[in-house]
Amino acid sequence: MKKIYTFMGLYFILFISSYLLLSYEKENKIEQHLQIKTKQYVQNYNSMYSEYKKIAEIIFKTKIDTDETLDIFKDATAYSIDKRAKAKDKLHEHLKDTYSMLNTHNIKQLHFHLPNNESFLRFHRPKIYGDNLSNSRESVVYVNKYKKPIDGFEEGKIYNGYRFIFPLFEGKDYLGSVEISFSTFAMNLDFMQNYDVTANFLILKSVVEKKVFENEKKNYINSAFEKFYFEKAMLESIIKMRDDKVMQALSDKTLAIMDKRAQDNVSFSLYDSTREEVMTFIKVQNSVTKKVVGIFVVRSDAVYILNKIKFFNISVVLVNLFIAFMLFFLYKEIIYRERLKNTNKKLEDSKNELQLFNYTLEDRIKDEVKKNRDKDKKMLNQSRLAQMGELISMIAHQWRQPLSAIAARAIGLKVKMELGVYDFKDEKGIENCRIDFLNGLDGIEELTKTLTTTIDDFRNFYKKSNAKQLIDINVPIIKALNIIKTSLVTSNIEIIEDYKSMQKLELLDSEVMQVVLNILKNAQDNFILKKIVNAIIKISTIDTENKTILTIFDNGGGVSEDIIENIFDPYFSTKEKKNGTGLGLYMSKIIIEEHHNGIISAKNIDDGVLFKIELFKQGKSDGN
């Protein structure tokens with residue numbers, strides 16, 4: 001009975017330890033995923049904002065900052081009330097068709113201001129004018145004071161929006177300022193269409209209460225977050241377009257985090273367990289005060305996190321069964337050996353028992369060898385499946401920029417055509433149009449090739465193949481880099497490539513890609529964990545007389561000398577209980593040494609670690 005209690009105690013210790021390690025690994029992977037989501041959507045948000053800014057600048061230069069418009073607006077500062085009224089009506093008549101056209105591009109406001117911050121003409125509400133904006137519109141005060149442009153989100157007395165404000169001059173005389181603004185709903189709509197997510201905008205209640213006309217406050221309703229409003233019309237449109245999930249209850253954890261972080265300047269993502277989705281909160285600041293006045297909220301699927309939780313639960317069950325089986329087998333083996341030791345049979349019987357034991361042991365060894373081979377095959381497949389989720393995230397991240405760039409080129413060409421930038425009565429204007437369109441189409445073609453290359457590399461990686469191909473080692477390296485390179489660059493990691501190998505070898509293309517990806521991903525995780533500045537990964541290939549050598553070096557501080565000899569062992573992690581399962585490098589060793597008869601090794605050099613892979617022309621050489 002004492003042994004049974006001992007083994008039960010050992011079981012609980014091992015199970016709790018493994019549970020804590022698996023739990024820690026899960027939480028770290030989810031946190032890394034959320035950080036990538038934040039970087040991705042902040043980058044997409046900034047890219048889309050930049051395109052709005054370009055459109056506003058084109059409109060300003062082609063329709064506002066013209067001799068005819070400035071000649072009308074200069075009478076706005078006249079002392080005669082009658083002359084100012086005529087100037088307002090004339091300016092409205094002059095630009096009303098332009099404003100109607102601009103509305104098709106989601107431009108909400110075209111608003112002229114006098115040098116003393118007085119509203120002169122609101123095209124969205126032309127009958128409301130003459131009110132002073134000094135206490136509500138910091139951006140207008142800034143432009144009139146410093147006479148230079150500014151842009152950013154700002155709440156107004158009637159509407160809020162992304163405002164681009166420009167000073168107006170006639171010669172050296174300062175006339176006032178003009179504002180071109182896009183609605184937050186326009187940004188939401190474009191973001192949802194481009195990135196297939198649901199987006200919304202939250203506005204700080206204190207800002208609305210301070211700035212908005214009393215009769216306009218009915219346009220705002222409470223959100224799930226105590227300190228923020230929804231814009232009513234925007235919310236109704238989003239519900240109609242997408243779903244009613246935007247009004248669904250949030251988890252207490254989400255509400256607590258948002259209450260705590262409502263007005264800091266750091267964007268972040270979190271997983272809401274009630275809605276089972278990822279919510280990314282992009283902080284929007286006032287362009288002058290730099291204080292948070294709103295939050296652009298992106299709701300995206302949580303497939304990766306849900307799969308991670310599911311994988312964690314399955315892993316806990318499997319580990320539990322493995323520990324129980326292992327201890328049970330060990331217990332039976334100890335009992336068996338004790339009985340064998342205490343037996344008092346004759347010598348002949350002892351010999352027979354010994355022979356029987358040896359035979360049993362031999363059978364066990366054969367069974368275990370077969371099980372280990374089957375296990376290695378299963379682990380290779382599991383390792384590839386585990387990588388697939390991360391690879392899909394990398395590919396999605398890599399596609400965002402080309403897709404945004406394609407959309408930007410198309411929108412830019414369309415806006416120039418609608419604004420009449422090209423003069424088709426003049427040969428130079430026709431030539432400019434032809435050049436712009438050819439350049440734009442060439443750019444779109446190149447970006448499309450980039451998308452195609454990325455998905456082809458991913459398909460080649462995941463395609464099962466048991467047949468080796470005669471290729472040079474550089475091919476799977478470059479394919480692996482095509483998948484992960486954008487993720488590495490986003491993490492501020494410099495990639496140095498030095499390919500000198502010309503020798504072709506018989507390789508399993510996708511398996512060599514898996515080895516390269518394992519090593520690169522480990523290096524990236526290590527850089528992020530240690531917060532390495534000036535992170536570098538150098539990849540080199542070279543041929544010798546009878547082999548090809550691939551080396552991958554990173555300057556991430558190296559691996560502790562007392563464990564570097566064990567990093568290729570199964571379930572041994574170099575990440576010091578952070579987020580390693582210990583399978584990646586073990587599977588890399590299996591692929592190189594058993595599937596390709598090569599050698600893989602690692603050593604610390606120059607405050608980093610160097611992985612060396614040797615592939616022989618005709619099998620492994622014991623002399624090298």
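The following exchange concerns a predicted model and the reasons behind several of its structural labels.

Biologist: Why is strand 10 described as largely enclosed?

Modeller: Strand 10 covers residues 277-285, and 8 of its 9 residues are buried, so the rest of the structure largely encloses this strand.

Biologist: What makes strand 9 and strand 10 a pair?

Modeller: Pairing requires at least two bridges. Strand 9 (residues 268-272) is joined to strand 10 by 5 bridges, and the two run antiparallel; the criterion is therefore met. Within this pairing, Leu270 stands opposite Met279.

Biologist: How do you know that strand 10 also pairs with strand 11?

Modeller: The requirement is again at least two bridges, and 9 bridges join strand 10 to strand 11 (residues 292-301), also in an antiparallel arrangement. Here Ile282 stands opposite Phe296.

Biologist: Why is the contact of Glu277 and Arg299 called a salt bridge?

Modeller: The side-chain nitrogen must be within 4 Å of a carboxyl oxygen. In this pair the N to O distance is 2.9 Å, so the contact qualifies. Glu277 belongs to strand 10 and Arg299 to strand 11, 22 residues apart.

Biologist: What makes Glu277 and Arg299 buried?

Modeller: The limit is under 20% relative accessible area. Glu277 has 6% and Arg299 has 7%, so both count as buried.

Biologist: Why is the term salt bridge applied to Lys211 and Glu154?

Modeller: Their side chains meet at 3.8 Å, N to O, which is within the 4 Å limit. Lys211 lies in helix 6 (residues 205-211) and Glu154 in strand 3 (residues 150-155), so the pair ties together parts that are 57 residues apart in sequence. Both residues also belong to a network of salt bridges with Arg137, Glu138, Arg163 and Glu179.

Biologist: Why is Lys96 called partly exposed?

Modeller: The partly exposed class lies between the buried limit of 20% and the exposed limit of 50%. Lys96 has a relative accessibility of 33%, so it is partly exposed. Its salt-bridge partner Glu93, at 3.3 Å, has 48% and is likewise partly exposed.

Biologist: What makes Tyr99 and Phe123 an aromatic pair, and why is the pair called tilted?

Modeller: Ring centres must lie within 6.5 Å, and planes neither under 30 nor over 60 degrees apart count as tilted. For Tyr99 and Phe123 the values are 5.5 Å and 40 degrees, so both conditions are satisfied.

Biologist: How do you know that the charge of Arg261 sits over the ring of Phe268?

Modeller: The distance limit is 6 Å from the ring centre. The charged end of Arg261 is 4.0 Å from the centre of the Phe268 ring.

Key: Residues are numbered from 1 along each chain as its sequence is written. This is a predicted model: local features need pLDDT of at least 70, side-chain atom pairs count only at pLDDT 80 or more; totals for chains, interfaces and linings use all residues. Side-chain values use heavy atoms; hydrogens and water are left out. Buried means under 20% relative accessible area, exposed over 50%, partly exposed in between (1.4 Å probe, protein chains only). Helices (H or I, at least four residues) and strands (E, at least two) are DSSP runs, numbered from the N terminus. Rings of Phe, Tyr and Trp (its six-membered ring) pair if their centres lie within 6.5 Å; planes under 30 degrees apart count as stacked, over 60 as edge-to-face and the rest as tilted. A charge sits over a ring if NZ of Lys or CZ of Arg is within 6 Å of the ring centre and within 35 degrees of the ring normal.
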